Amino acid sequence: MKVIEINNATVYRGDTRVFEGFSLAIERGQSTTILGPNGAGKTTLLKLLSCELYPVVAKGSYVRVLGRERWDVWELRNRLGIVSNDLQNDYLGYVPGRDVILSGYYSSIGTYRHQTFDPVQLERAHRISRDLGIDELLEKNFASMSTGQQRRFLLARALVNDPENLILDEPTSGLDLKATFQYLETVRQLIRDGHTVILVTHHVHEIPPEVRHVVLLDQGKVIAAGAKGEVLNDDTLSRLFDTPIHLVDVNGYYQVLPA
Ligand SMILES: Nc1ncnc2c1ncn2[C@@H]1O[C@H](COP(=O)(O)OP(=O)(O)O)[C@@H](O)[C@H]1O
Ligand SMILES: [Mg+2]
């Protein structure tokens, strides 16, 4: 089964045509990084997957997520485990960390009185907060946490549903080095535990060694896709980012330098 299967999709944001005849497939178990510069269409692609946007209706054009075109969007969001910066901005009001995590059970922003949580759900939320090292911040207001702490709470929010697939949009942007390394280590562990991670970014240093598949996205087009070692090199990255780049590979991690 494929996590994502997009065929011949045309997608607009307002008047901008971001994708035209766009196709992309990602297999289950195939953790993938989608790499591209600003404006490439990465966030638009995520919105397509979470049913925030739909392609123009046309024959032979479809977006299938987990094998289906039609979804109850709340069910889909539970099954996908999406952590995005949009989500981070949605939580700026007064919400304690605990409620950010619990809201994952309903894919809601914050929790509401009519929502109930059984002891199993509460215990699971607590265990995940311990695993991610944020259990001492459960009463703290989300808006007054550091960016790194907020990111961990949003990851915990996605993990309460034990999603097989996790979709991360620029997960370490805004984090200091320690928080970046901690977050990357957590993502590595999630992949080792059997999660399929789809990571969307413009930073090669965010690619965990366990992610072996890369898609290069530029101006709404896939310019290369395949095994990491074949897709990532000085030539492809220089073309992608439109500047001379030298790629350095150390112990499975990548860094770039100006060539
Ligand atoms: N709400 C919008 N209205 C019109 N155009 C948009 C909107 N959001 C994004 N775009 C355009 O869509 C293109 C892709 O944007 P986006 O998916 O955000 O790229 P990325 O996440 O790779 O930086 C860009 O050209 C951007 O200017
Ligand atoms: Mg983006």
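Helices here are DSSP runs of H or I with at least four residues, and strands are runs of E with at least two, numbered from the N terminus. By that count, the chain has 9 helices and 11 strands. The model is predicted.

**Overall fold**

The chain holds 259 residues, and a compact globule of that length would have a radius of gyration near 18 Å. The chain has 18 Å, so it agrees with the globule rule. Its C-alpha trace spans about 50 × 45 × 35 Å along the principal axes. Buried residues make up 36% of the chain. Among contacts with a separation of 6 or more, 61% join residues 24 or more positions apart.

**Two domains**

Domain 1 takes in residues 1-80 + 165-229, and domain 2 covers 82-162. Their C-alpha centres lie 22 Å apart. Across the boundary, 18 residues of domain 1 are in contact with 11 residues of domain 2. On the domain 1 side, α2 (73-80), β6 (165-169) and α7 (177-192) each supply at least two residues. That side divides into 10 nonpolar, 4 polar and 4 charged residues.

**The core**

The largest nonpolar core has 62 residues. Six of its members touch the most others: Leu49, Ile101, Ala156, Ile167, Val197 and Ile198. Helix α6 (residues 147-159) gives this core its largest share, 6 residues. Where does the core sit relative to domain 1 and domain 2? Both domains give residues to the core, so it lies between them. In soluble globular proteins, nonpolar side chains tend to be buried together.

Leu49 is worth tracing in the structure. Beyond its neighbours within four places in sequence, Leu49 is in contact with Ile4, Val65, Leu80 and Ile167. Ile167, like Leu49, is listed among the core residues that touch the most other members.

**Around ligand 1**

The residues around ligand 1 are Arg13, Gly14, Thr16, Val18, Gly36, Asn38, Gly39, Ala40, Gly41, Lys42, Thr43 and Thr44. Two elements give two or more residues to this shell: β2 (16-27) and α1 (42-49). Helix α1 gives the most, with 3 residues.

The table sets out the residue classes on the two surfaces described above.

| Surface | Nonpolar | Polar | Charged |
|---|---|---|---|
| Shell around ligand 1 | 2 residues | 8 residues | 2 residues |
| Side of domain 1 that touches domain 2 | 10 residues | 4 residues | 4 residues |

Polar residues thus number 8 in the ligand 1 shell, while nonpolar residues number 10 on the side of domain 1 that touches domain 2.

Definitions and conventions. Residues are numbered from 1 along each chain as its sequence is written. Chains are lettered from A and ligands numbered from 1 in the order in which they are written. This is a predicted model: local features need pLDDT of at least 70, side-chain atom pairs count only at pLDDT 80 or more; totals for chains, interfaces and linings use all residues. A nonpolar core is a set of buried Ala, Val, Leu, Ile, Met, Phe, Trp, Tyr and Cys residues joined through C-beta atoms within 7 Å. A residue is buried if 20 or more other C-beta atoms lie within 10 Å of its own, exposed if 12 or fewer, and partly exposed in between; C-beta atoms are placed from the backbone. Domain bounds come from an automatic or database domain assignment. Two residues are in contact if their C-beta atoms, placed from the backbone, lie within 7 Å. A residue is near a molecule or strand if its C-beta atom, placed from the backbone, lies within 6 Å of it. Ala, Val, Leu, Ile, Met, Phe, Trp, Tyr, Cys and Pro count as nonpolar, Asp, Glu, Lys and Arg as charged, and the others, Gly among them, as polar. The radius of gyration is taken over C-alpha atoms; the globule rule is 2.2 Å times the number of residues to the power 0.38.
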